[in-house]
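I opened my notebook beside the viewer today and kept short entries as I went. Here is the structure I was looking at.

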Amino acid sequence: MRVIRGVAILLAVMSALAAPLPRLPTSAATPDALLPAGWTVQQRLRADFNGDGLTDTVLVAQNTDPRQIHPAQQYQEAWNSNPRLLVGAFARRDGRAQLAFRSAVITTRTSPNMEDPFDGIKAFGRGFRLTLREFYWMGSWTAGSVTFTVRWQDGCFRVIGYDRYIFHRATHDSETVSINFLTGRMQVILESGAEAARPVERWSPYPGSRRVCLQDIPSGLDFRRDLP
């Protein structure tokens, strides 16, 4: 019975991951009206992101498909494998909201042993920062976080900064990767959990395209895991 239930959960999660991003209208009466039925807003930011003097909106929304909400079991809390969307909307002078982007950058929870990856978005000036966390109660010794620094530039919501931190809970070793996409420079800091060990810092050119748009990143926690 447990095996059958486990297979059913696995199939439901795989179905959610394989589903394409929902199509959104190019404009709507309000930013929330851009979202498809069954999606609910979890967080919103308001700022003049494109510098036209109007207040724009960035929404974090999550699907509410009941098939992706898994009930609590013995030694296991209820958990939600519904995907999230990050949606940007520019305010128009006629009062409508114009779709600026949609993105699946917020990694979907795929296991009851996985902590919810979404850790929030915060505005700064005409941009925002999106932070994702990675923690497993079972199956992995590492924990960490990823932060994308984003602003409207060069025709898209462009990632101008990327910071990844990984910590090994057994050895206490850690790795920090910071990329400035405007300068094309990458910093890597390696720290050992051994006593008296000094951090190792390296700077190098970023080995990739410097123009990264948020809507082109399918899962934030998987972005550039090959680095350093």
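My entries below go from the whole chain to the sheets, the cores and the aromatic rings.

**Entry 1: the whole chain**

I noted before anything else that this is a predicted model. I then looked up the secondary structure and found 1 helix and 14 strands in the protein chain. For the dimensions, I got a box of roughly 60 × 55 × 25 Å around the C-alpha atoms, taken along the principal axes. I checked burial next: 42% of the 228 residues count as buried. The chain exposes about 12,300 Å², and carbon and sulfur atoms supply 54% of that area. I also looked at contacts between residues at least 6 apart in sequence, and 48% of them join residues at least 24 apart.

**Entry 2: the sheet of 5 strands**

I traced an open sheet of 5 strands and wrote down its order as S1-S7-S6-S3-S2, with antiparallel pairing. Which strands stand at the edges? They are strand S1 (27-28) and strand S2 (39-47); each has a single partner strand, so one side of each is left without a neighbour in the sheet. Inside this sheet I followed strand S6 (residues 84-91) and strand S7 (residues 97-103), which run antiparallel and are joined by 6 bridges. If you want a spot to click on, Val 87 stands opposite Arg 102 in S7.

**Entry 3: the sheet of 7 strands**

I then followed another open sheet, where 7 strands come in the order S8-S9-S10-S11-S12-S13-S14 and pair antiparallel. Its edge strands are S8 (118-124) and S14 (200-205), each pairing on one side only. From one strand to the next, the twist averages 15°. I picked strand S12 (residues 174-180) and strand S13 (residues 185-191) for a look at the pairing, and counted 7 bridges in the antiparallel sense. Val 177 has Val 188 in S13 as its bridge partner.

**Entry 4: nonpolar cores**

A reminder to myself: in soluble globular proteins, nonpolar side chains tend to be buried together. The largest nonpolar core here has 34 residues, and those with the most contacts inside it are Leu 86, Ile 121, Phe 128, Leu 130, Phe 148 and Leu 214. I looked up what Leu 130 touches, leaving aside its neighbours within four places in sequence, and its contacts include Leu 86, Val 105, Ile 106, Ile 121 and Phe 148. A second, separate core has 11 residues, among them Leu 34, Leu 59, Ala 61 and Ala 97.

**Entry 5: aromatic rings**

I found 12 aromatic pairs in the structure. How do the rings of Phe 49 and Phe 157 meet? Their centres are 5.9 Å apart and their planes stand at 70°, so the pair is edge-to-face. Phe 49 lies in the loop between S2 and strand S3 (56-63), while Phe 157 is in strand S11 (residues 156-168), so this pair ties together parts that are 108 residues apart in sequence. Are these two residues, Phe 49 and Phe 157, buried or exposed? Both are buried.

I stayed with Phe 157, which also forms a stacked pair with Phe 90, at 5.8 Å centre to centre and 25° between the planes. Phe 90 lies in strand S6 and Phe 157 in strand S11, so the pair ties together parts that are 67 residues apart in sequence. Phe 90 is buried too. My last note: ring pairs link Phe 49, Phe 90, Phe 101, Phe 128, Trp 152 and Phe 157 into a cluster.

Notes: Residues are numbered from 1 along each chain as its sequence is written. This is a predicted model: local features need pLDDT of at least 70, side-chain atom pairs count only at pLDDT 80 or more; totals for chains, interfaces and linings use all residues. Side-chain values use heavy atoms; hydrogens and water are left out. Two strands pair if DSSP finds at least two bridges between them. Helices (H or I, at least four residues) and strands (E, at least two) are DSSP runs, numbered from the N terminus. Axes are lines fitted to C-alpha atoms, for helices over the stretch in contact, and angles run from 0 to 180 degrees between N-to-C directions. A nonpolar core is a set of buried Ala, Val, Leu, Ile, Met, Phe, Trp, Tyr and Cys residues joined through side-chain atoms within 4.5 Å. Buried means under 20% relative accessible area, exposed over 50%, partly exposed in between (1.4 Å probe, protein chains only). Contact means heavy atoms within 4.5 Å. Accessible areas come from the Shrake-Rupley method with a 1.4 Å probe; for residues, only the protein chains shown count as cover. Rings of Phe, Tyr and Trp (its six-membered ring) pair if their centres lie within 6.5 Å; planes under 30 degrees apart count as stacked, over 60 as edge-to-face and the rest as tilted.
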